[in-house]
Amino acid sequence: MNATDKQLSRPLKIAMLTHSVNPRGGVVHALQLAESLQALGHATTLFAPDARGKGLFRRAGCDFHPVPGPLQAADAADVAGMVRQRIEDYLRCFEDPGMARFDIYHAQDSISANALATLTERGVIPGYVRTVHHLDQFDDLRLHAWQERGYRAADRVLCVSRTWQDILWHQHGIRADLVSNGVDIQRYTPQPGARDSALRAALGLGGTPLLLAVGGVEPRKNTLGILRAFLRLRRVYPQAQLVIAGGASVLDHAGYQQQFRTEWEAAGLPEGAVRITGEVADADMPALMRCADVLVFPSLKEGFGLVALEAMASGVPVVVSRIAPFTEYLDGECCAWVDPHDPASIAAGIAHALDPVVRSVMIAAGRPVCAGFSWMRSAHRHLDLYHDYLACRSPAGPLQEEHHA
């Protein structure tokens, strides 16, 4: 066995970097992947900015390293200023002489990727891997430049869907390796839990049917489209209730949220017909899923759409946009397809998913779909790519253990 083979056969030290301690899709992906890599015997540390010091949204099954920073940066109205601050926070973190060195540096977002790009330029680290979940459109040229630099400066780019793999290649000239997402079917299950009734009472969830939207009020989640569809649906289901959960984001959606509130108030709905919960404790998310009759998820853009799998694993029918990447892994038996730009289509999709016969078919068809997605399978795929990356790295940049010897 040569020196390279010996290096690649030993457990890896992996730094997994994400942009937030809140349960957004990319953060959940980073945490679940890090935990699975740890379970496979690799020393994995999850890093995330934590200016408020509140900690990760749940306890991690791997090492967690909060990245501190000025509190005011977390509340800045200037998103670009906040992003710049968090990049600088990451730089201070990894340039600290006491910071451990890793074999793999893996950025799950543009903030951490820009920090790693600078650290690579400065010779602090030999390079990094970047996962692109999706790309955003920014009016601010600084945000656009940071996003582009984050994936162009990476040694290896990964993505979670064929859709974004194609976009990266055909529109940006970037070759990306495909990795999968996963769903924890031990955690998200249709079996009733002790927390279900208490959560229903605590959040005032008494509507029939109960429609759940996850992701907060923001353009990408098409929350205005959901509200307009809900108003149509209430003509047939006057006791229906819409619950909008989550929404912690580094982006500013204040204008969109004001438009949502204006239309909501103008509709003259009875009190409690629409409930916006804000961030829900991660421990309560499986129970919240089970409280719902339908997950309404007509996004305008997604990197993958983890919440759709979580709902299906919970035995909840899913209403989703007939767009990629949903069309990559869902079909008309396990979900209701809708046109996300047409509230009438969304309302019809919800009504279709509420039909008792259709509902049973969707729930049954969703089980094998969920069974095909495993975080452990994703971790094995990542390890194959990590080892290939390390094997291809030039002799000048071997594994960190030797590079810093």
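Let's start with Asp89, which is buried, at a relative accessible area of 4%. Keep in mind from here on that this is a predicted model. What does Asp89 pair with? Its salt-bridge partner is Arg92, and the closest N and O atoms of the two are 2.4 Å apart. Arg92 counts as partly exposed, with 47% relative accessibility. Asp89 and Arg92 both sit in helix 4 (residues 79-95), three residues apart, which is about one turn of the helix. So here's a pair joining a buried carboxylate, since 4% is under the 20% cut-off, to a partly exposed arginine.

Next, a pair that reaches across the chain. Arg195 forms a salt bridge with Asp284, and their closest N and O atoms are 2.9 Å apart. This one links distant parts of the chain: Arg195 is in the loop between strand 7 (176-178) and helix 8 (196-203), while Asp284 is in the loop between strand 10 and helix 11, 89 residues apart. Are the two partners buried or exposed? Arg195 comes out as partly exposed at 36% relative accessibility, whereas Asp284 counts as buried at 13%.

The loop between strand 10 (274-278) and helix 11 (285-291) turns up again with Lys54 and Glu279. Those two form a salt bridge with the closest N and O atoms 3.7 Å apart. Why does this pair tie together distant parts of the chain? Lys54 lies in the loop between strand 2 (43-49) and strand 3 (63-67), and Glu279 lies in the loop between strand 10 and helix 11, so the salt bridge connects parts that are 225 residues apart in sequence. Lys54 is partly exposed at 47% relative accessibility, and Glu279 is partly exposed too, with a relative accessible area of 40%.

Stepping back, how many salt bridges are there by this rule? The count comes to 19. Some of the charged residues join up further: Glu35, Arg58, Arg187 and Asp282 are linked in a network of salt bridges. As a general point, side chains of opposite charge can pair when their charged atoms come close.

Now for the nonpolar side of things. The largest nonpolar core has 67 residues, and those with the most contacts inside it are Met16, Leu212, Leu295, Leu330 and Tyr386. Zoom in on Leu295 and you can see what surrounds it. Leaving out residues up to four places away in sequence, Leu295 touches Leu212, Val214, Val307, Ala308, Ala311, Val316, Pro317, Val318 and Val319. There is also a second, separate core of 39 residues, which includes Leu17, Leu91, Met99 and Ala117.

Some of the packing can be followed at the level of whole helices. Helix 12 (residues 306-313) and helix 15 (residues 356-371) pack at an angle of about 125°, with their axes 8 Å apart. That angle makes helix 12 oblique to helix 15, and the crossing of the two is left-handed. Which residues meet there? On the helix 12 side they are Leu309, Met312 and Ala313, and on the helix 15 side Gly366, Val369 and Cys370.

Tyr329 is worth a look alongside that helix pair. Tyr329 lies in helix 13 (residues 326-329) and is buried, with a relative accessible area of 11%. Setting aside residues up to four places away in sequence, Tyr329 touches Phe304, Gly305, Ala308, Leu309, Val369 and Phe373. Leu309 and Val369 are also among the residues that meet between helix 12 and helix 15. As for His29, 300 residues from Tyr329 along the chain, the C-alpha atoms of the two are separated by 17 Å.

Finally, some backbone details to check in your viewer. The peptide bond from Ala324 to Pro325 is cis, with omega near 10°, and Pro325 is found in the loop between strand 12 (318-321) and helix 13. Another cis peptide bond runs from Thr208 to Pro209, with omega near 0°. Pro209 is found in the loop between helix 8 and strand 8 (210-214). On the other side of strand 8, Asn222 lies in the loop between that strand and helix 9 (223-233). Asn222 has a positive phi of about 60° although it is not a glycine, and at 7% relative accessibility Asn222 counts as buried.

Terms used: Residues numbered from 1 in each chain as written. Predicted model: local features only at pLDDT ≥ 70, side-chain atom pairs only at ≥ 80, totals over all residues. Heavy atoms only, no water. Core = buried A, V, L, I, M, F, W, Y, C linked by side-chain atoms within 4.5 Å. Buried < 20%, exposed > 50% of the residue type's maximum accessible area, 1.4 Å probe, protein only. Contact = heavy atoms within 4.5 Å. Salt bridge = Lys/Arg side-chain N within 4 Å of Asp/Glu carboxyl O. Helix = DSSP H or I, 4+ residues; strand = E, 2+ residues; numbered from the N terminus. Axes fitted to C-alpha atoms, helices over the stretch in contact; angles between N-to-C directions. Parallel < 35°, antiparallel > 145°, perpendicular 65-115°, else oblique. Left-handed = near helix turned anticlockwise from the far one by under 90°.
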